[in-house]
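Please look over the sequence and the fold shown here before reading on. The paragraphs that follow lead from one helix to the next.

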Amino acid sequence: MEPLVIVLLIAVGIGAGFVQRVSGFGLCIFSMLFLPLFLPSHTTAVAISGLFSCSISAYNAIRYRKHIPFKTVAPQIISSLMVIPFAVYFSVWVPQTVFKILLGIVLIILSIYFLFFNGKQQIKATVRNGIFSGALGGALGGLFSTGGPPVVLYITHAVKDNIAYFAALQFYFAVTDIYATAMRAFNGVITKNILFYAAIGFGGCLIGDFIGKFVFDKLNAKTLKYVIYIGMIISGIIMII
């Protein structure tokens, strides 16, 4: 592995872990802005991003396990687990050129939504809405490792306590991303090289998580999110072109 790739993996991991700790989600969205730029394929980038997420989310879920609202997040997890195998299977067999365009479109749509519409919709915390948001999150997570937005939208309205919100998201990502990673391994996507790449980047994730914990109260999280969403639009356009 080239030294530059190691440095880039650590740097992306730091940024991704920081974003996840500050906002509760966004690790995969952040990492998918950069990983496809220097890794061999988008499938590799998605797999590594998923490994980042399941590792740091499991770490935080264990830390905040007493605050997890299991009944609230259960419908989302169940529906996600049902959808993920089909999404992963599709992502493995779709041509890389098509996959790149689809990822670009998804990044643009998600960023536009969060820039202009997030917070303006009122979602009732019903089992049906939980199942729907979980299924959509599972589809996006299995395909692009970006399943957070629909899940966040539901949990934001279902959980009022900030700690419970963070704990619920970490638990959801831990369970679904571990499952998605197992599906990718079953389909032959997870290799020794990918595990090695992910291990290096995860070290960066821990550093980012540590930094995010201390600057959370002082950082303007809203501004940070806007920067990320604009970056998503630019990255999406580049991928499509």
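**A walk through the helices**

A164 lies in helix α8, residues 162-186, where helices (H or I, at least four residues) are DSSP runs numbered from the N terminus, as are strands (E, at least two). This is a predicted model, in which local features need pLDDT of at least 70 and side-chain atom pairs count only at pLDDT 80 or more, while totals for chains, interfaces and linings use all residues. Residues are numbered from 1 along each chain as its sequence is written, and side-chain values use heavy atoms, with hydrogens and water left out.

A164 counts as buried because its relative accessibility is 11%; buried means under 20% relative accessible area, exposed over 50%, and partly exposed in between, with a 1.4 Å probe and protein chains only. Although A164 and H67 are 97 residues apart in sequence, their C-alpha atoms are 5.2 Å apart in space. Once neighbours within four places in sequence are left aside, A164 is in contact (heavy atoms within 4.5 Å) with H67, P69 and V159.

A second buried position is found in helix α4, residues 70-93, which holds S80. The relative accessibility of S80 is 0%, and S80 therefore counts as buried. Not counting residues up to four places away in sequence, S80 touches G134, A135, G138, Y172 and T176.

Helix α6 spans residues 127-144, and its 18 residues reach 25 Å from the first C-alpha to the last, close to the 26 Å expected at 1.5 Å a residue; the expected span of a helix is 1.5 Å times one less than its number of residues. The buried residues of α6 are G130, S133, G134, G137, G138, L140, G141, G142, L143 and F144. Just after α6, S145 takes a positive phi of about 60 degrees.

Helix α9, residues 192-215, has 24 residues and covers 35 Å from its first C-alpha to its last, close to an expected 34 Å at 1.5 Å a residue. Its buried residues are I194, Y197, A198, I200, G201, G204, C205, G208, D209 and G212, and what covers them includes α1 (3-23), α2 (27-38) and α3 (42-63).

One of these buried residues, D209, forms a salt bridge with R63, the closest N and O atoms being 3.3 Å apart. The pair links distant parts of the chain, with R63 in helix α3 and D209 in helix α9, 146 residues apart. A salt bridge is a side-chain nitrogen of Lys or Arg within 4 Å of a carboxyl oxygen of Asp or Glu, and by this rule the count comes to one. The two partners differ in their surroundings, because R63, at 33% relative accessibility, counts as partly exposed, whereas D209, at 3%, counts as buried.

Among the elements that cover α9 is α2, which has 12 residues and reaches 18 Å from its first C-alpha to its last, close to the 16 Å expected at 1.5 Å a residue. Helix α2 is mostly covered, nine of its 12 residues being buried, namely L27, C28, I29, F30, S31, M32, L33, L35 and P36.

What does a search of the whole structure find in the way of disulfides? The search finds zero disulfides, a disulfide being a pair of cysteine sulfur atoms within 2.5 Å. C28 is in no disulfide, and the nearest cysteine sulfur, that of C54, is 8.9 Å away. C28 counts as buried because its relative accessibility is 10%, and C54, at 9%, likewise counts as buried.

The surface offers another view of the model. F90, V98, I101, L102, I105, I109 and I240 form a nonpolar patch there, with about 550 Å² of accessible area together. Patches are made of residues with over 30% relative accessible area and no salt bridge, like charges being joined within 9 Å and nonpolar side chains (Val, Leu, Ile, Met, Phe, Trp, Tyr) within 5 Å; accessible areas come from the Shrake-Rupley method with a 1.4 Å probe, and for residues only the protein chains shown count as cover. The largest share of the nonpolar patch, five residues, comes from helix α5, residues 96-116, whereas I240 has its place in helix α10, residues 221-240. With a relative accessible area of 35%, I240 is partly exposed.

Helix α5 also holds G104, which is buried, with a relative accessible area of 0%. The C-alpha atoms of G104 and F116, 12 residues apart along the chain, are separated by 18 Å.
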